[in-house]
Amino acid sequence: MTKASNRPPAAYAEIEAAVGETGLQLRGALCPSVEDGLGAEVGWLLLLGAVGGSVWPQFDRSPEAGDGEPHPLDRWSERVIDALAEHLGAKPFFPFGGPPYRPFLSWARLAEGLAPSPLGMLIHPVHGLWHAYRGALGFAAQPQGWQATAPQASPCPSCARPCLTACPVDAFTPAGYDVKACRRHLATAAGADCMTAGCLARRACPVAPDLAYDRPQTEFHMRAFLRSDLTG
């Protein structure tokens, strides 16, 4: 669904409550630019995402998780966020389904003041590397009751950056992320720890280690990574 509901936009408190019931979390807001191509009816964008394992229980027991079809988490996100949009009088947007793709990473940097980590992933000063964006809700105007929060500084400049030395195959280089080296490692017995417990470089980040994914969620994401069509 891409068409907004005729229902008047909800107040922020109602949006926050409805989103929270899904396991998703509100991840900042911004006023989109004309270049974003969202249409004149979208003047305010609320990003939705996961923090740690916040969506895992709801997704894991969903029809999408067990139907054997491709992209179950994307399909779950689309169903849930479409329903939120219909209920709240908003228009839904997603980081998948392209090309072309919506500029979610640029939106995240504007909405939450995030910056790239040494690994390339956006790091959050509270959630560390254990967060993701699953969609957004577009409203005609800023919801009543919204209170902006000041962006926090990146923790990386003052960090010893153990993430850069934790990868057993040195996949994170000054030239960028070596996808081929990472995938080759994951396909071997030596890569079993990364497959079941998560990327060693990501786990080395000292910010929010308590939010690291548990084993079922980690294995799901690592299998999805190996099936993905990223170059390499």
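## Salt bridges in the model

A salt bridge here is a side-chain nitrogen of Lys or Arg within 4 Å of a carboxyl oxygen of Asp or Glu. By that rule, this predicted model has six salt bridges. Let us walk through some of them, then turn to a helix pair and to a few backbone details.

Side chains of opposite charge can pair when their charged atoms come close. One of the pairs is R79 with E64, whose closest N and O atoms are 2.6 Å apart. This bridge ties together distant parts of the chain, since R79 sits in helix 4 and E64 in helix 3 (residues 63-66), 15 residues apart. How exposed or buried are the two partners? R79 is partly exposed, at a relative accessible area of 42%, whereas E64 is buried, at 8%. The cut-off for buried is under 20% relative accessible area, and partly exposed runs from there up to 50%.

## Two further pairs

D67 and R75 also meet through their side chains, in a salt bridge with an N to O distance of 2.8 Å. Both ends of this bridge count as partly exposed: D67 has a relative accessibility of 35%, and R75 has one of 25%.

Further along the chain, R203 and D193 form a salt bridge at 3.6 Å, N to O. Here again distant parts of the chain are linked, with R203 in helix 9 (residues 200-203) and D193 in helix 8 (residues 192-197), 10 residues apart. R203 is partly exposed, with 32% relative accessible area, and D193 is partly exposed too, with 36%.

## Helix 1 against helix 4

Helix 4, the home of R79, also takes part in a helix pair. Helix 1 (residues 12-20) packs with helix 4 (residues 72-88) at an angle of about 155 degrees, and their axes are 11 Å apart. Why is this pair described as roughly antiparallel? Angles over 145 degrees count as roughly antiparallel, so helix 1 is roughly antiparallel to helix 4. The crossing of the two helices is right-handed.

Which residues make the contact? On the side of helix 1 they are E14, I15, A18 and V19, and on the side of helix 4 they are L84, H87 and L88. Sorted by class, this contact holds five nonpolar residues, one polar residue and one charged residue.

## Cis peptide bonds at P99 and P100

The next stop is a loop with two cis peptide bonds to look at. G98 and P99 are joined by a cis peptide bond with omega of about 5 degrees. The bond from P99 to P100 is cis as well, with omega near -5 degrees.

Where does P99 lie? P99 is in the loop between strand 3 (91-93) and helix 5 (104-112). P100 is likewise placed in the loop between strand 3 and helix 5.

## Positive phi at R161 and D170

Two residues deserve a glance for their backbone angles. R161 is not a glycine, yet it has a positive phi of about 60 degrees. R161 belongs to the loop between strand 6 (131-139) and helix 6 (163-166), and with 36% relative accessible area it is partly exposed.

D170, also not a glycine, has a positive phi of about 50 degrees. D170 is found in the loop between helix 6 and strand 7 (172-173). Is D170 buried or exposed? D170 counts as exposed, with a relative accessible area of 51%, because exposed means over 50%.

Conventions. Residues numbered from 1 in each chain as written. Predicted model: local features only at pLDDT ≥ 70, side-chain atom pairs only at ≥ 80, totals over all residues. Heavy atoms only, no water. Axes fitted to C-alpha atoms, helices over the stretch in contact; angles between N-to-C directions. Helix = DSSP H or I, 4+ residues; strand = E, 2+ residues; numbered from the N terminus. Parallel < 35°, antiparallel > 145°, perpendicular 65-115°, else oblique. Left-handed = near helix turned anticlockwise from the far one by under 90°. Contact = heavy atoms within 4.5 Å. Nonpolar A, V, L, I, M, F, W, Y, C, P; charged D, E, K, R; others polar. Buried < 20%, exposed > 50% of the residue type's maximum accessible area, 1.4 Å probe, protein only.
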